[in-house]
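Thanks for coming. I will go through one structure today, contact by contact, and keep it short.

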Amino acid sequence: MLPVHAHNQHEFNFEASRGDAFYKFFFKTGLSGGLLNELMAADGLAKRLNNIYPGDKFKISLDDNHNLKKIIYKPVSANPMIITSSKEGFRFLIVNVQPTAGITHSTVVITKSLNYDAKKAGIEAEVIKLMVDNFSWELDFNRDLSKGDKFILAWNGADKPIAMIYVGKRKTIPLFSHEGTKGKTNYYQINGKTLNDSFFFAPLKYDRISSSFQKRRFHPIQKTWKSHRGTDFAAPQGRPVYATAKGIIKHVAVLSGYGNVVYINHGPHLTTVYAHMSRFEKGLRSGHRVSKGQVIGYVGSTGMSTGPHLHYEIRLDGVHKDPEKYNTLKQLTVPQGSMTEFVRHAKEVLAELNI
Ligand SMILES: [Zn+2]
């Protein structure tokens, strides 16, 4: 068993001696009898807590508001049980830890930046790149990381980690490796989906494509030959424009050419651009996370534009791609036939890491 590596005032560790009872540990954390009653009534599995034995271990975690978050029960002679508590109630889970007994882990604690702290923790550049490629779909590394956030990497002897888990103040993002049929390993959330998104073809319900991506065209306003490095979607003034995939807002700007324009980063390489909008969605700010289909603004004709339309761009590492032809990244899914095994394994890794 790995050592418990997360110590703080919200975690209580107990080991049962002769004559101990679970409720004694429960009350030592300051939690109420009312909550204990709710817990014991929530699931038939709670009965296991009535018959504990010397050597059985308990870890009770509370959140910052002193609400119950999680109980990990590790009996001496049976499989561990994890109870999580949330607004939706209690969830009981029994895990089999035997098959993952060989795993090790490294922890990167953020003091400056992922790159700096991962290097300091001895993580290979290749693995740091894996972390950036995956987590940047959910995390803005410049804004979202705080001191003390952790990245935990679990290993079973291979070059690539079997799990990469971000543990932050506000959220935890666990990713697990799975080898696809073509032998390529990807990282998936416990729901079997990669963290990256698939893209919609267009960021609005459009009437027609009024101008395609062209290397050179005669610009109707500037009266010169210019390249058109995006797709123009004709649509009436005021029609909602949405993000074509989940991402993080990079800029919300008013520019002379693009007019009211929004830039969205999707992972480490892709950026989409939405120009000439009449107005932005209220409250939209750089650094905000947006989901696929979330409205970011409304069709207009601001900037250098001859009439209401949405100018849309896709850029890969800064290079403009033709939105009508470019095959954007797809969200991958663990095949249905492998899902049960994948989820079982993922839960074992989490239990082994005490997450
Ligand atoms: Zn255009």
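One definition before we start: a residue counts as buried under 20% relative accessible area, as exposed over 50%, and as partly exposed in between. Keep in mind too that this is a predicted model.

Lys169 has a relative accessibility of 62%, so it counts as exposed. Its salt-bridge partner is Asp149, with 3.7 Å between the closest N and O atoms. The two sit in separate loops: Asp149 lies between α4 and β7, Lys169 between β8 (163-167) and β9 (172-179), and 20 residues separate them. Is Asp149 buried or exposed? At 2% relative accessibility, Asp149 counts as buried. So this bridge pairs an exposed lysine with a buried aspartate.

That is one salt bridge, and the search of the whole structure finds 12. As a general reminder, side chains of opposite charge can pair when their charged atoms come close.

Next, a pair within one helix. Asp133 and Lys129 form a salt bridge, 3.0 Å from N to O. What separates them along helix α4? Both belong to α4, residues 125-135, and they are four residues apart, which means about one helical turn lies between them. Asp133 is partly exposed, at 23% relative accessibility. Lys129 is partly exposed as well, at 47%.

Now a bridge that spans much more of the sequence numbering. Lys246 and Glu138 form a salt bridge, and their closest N and O atoms are 2.7 Å apart. This pair links distant parts of the chain, 108 residues apart: Lys246 is in the loop between β15 (240-242) and β16 (247-255), while Glu138 is in the loop between α4 and β7 (150-155). Both residues are buried. Which residues make up the salt-bridge network here? Glu138 and Lys246 belong to it together with Lys171.

On to the strands, starting with β3, residues 68-74. How many of its seven residues are buried? Six of the seven are, so I would call β3 mostly covered. On one side, strand β2, residues 57-62, runs antiparallel to β3, and six bridges join the two. Within that pairing, Ser61 stands opposite Lys70 of β3. The hairpin of β2 and β3 has five residues between the strands, and there His66 takes a positive phi near 65°. β3 also pairs with β4, residues 81-86, again in the antiparallel sense, over four bridges. In that second pairing, Ile72 is placed opposite Ile82 of β4.

A second group of strands forms an open sheet of three, in the order β15-β21-β19, with antiparallel pairing. Its edge strands are β15 and β19 (279-280), each of which pairs on one side only. Three bridges join β15 to β21, residues 295-298. There, Val241 stands opposite Gly297 of β21. You have met β15 already: the loop that holds Lys246 runs between β15 and β16.

Now the aromatics. The whole-structure search finds 18 aromatic pairs. Phe26 and Phe27 make one of them: their ring centres are 6.1 Å apart and their planes are at 70°, so the pair is edge-to-face. Tyr258 and Tyr263 make another edge-to-face pair, 6.4 Å centre to centre, with 70° between the planes. What about burial? Phe26 is buried, with a relative accessible area of 0%, whereas Phe27 is partly exposed, at 39%. In the tyrosine pair, both Tyr258 and Tyr263 are buried.

Phe26 and Phe27 also belong to a wider group. One aromatic cluster consists of Phe14, Phe22, Tyr23, Phe25, Phe26, Phe27, Phe58 and Tyr73.

Last, charges over rings. Where does the charged end of Lys112 sit? The charged end of Lys112 sits over the ring of Tyr116, 4.3 Å from the ring centre. Arg279 does likewise with Tyr298, where its charged end is 4.1 Å from the ring centre.

To recap the salt bridges I picked out: one lies within helix α4, one joins an aspartate and a lysine in loops 20 residues apart, and one joins a lysine and a glutamate 108 residues apart. That is the tour; I will take questions now.

Key:
Residues numbered from 1 in each chain as written. Predicted model: local features only at pLDDT ≥ 70, side-chain atom pairs only at ≥ 80, totals over all residues. Heavy atoms only, no water. Salt bridge = Lys/Arg side-chain N within 4 Å of Asp/Glu carboxyl O. Buried < 20%, exposed > 50% of the residue type's maximum accessible area, 1.4 Å probe, protein only. Pairing = 2+ DSSP bridges. Phe/Tyr/Trp six-rings, centres within 6.5 Å; stacked < 30°, edge-to-face > 60°. Lys NZ or Arg CZ within 6 Å of the ring centre and 35° of its normal.
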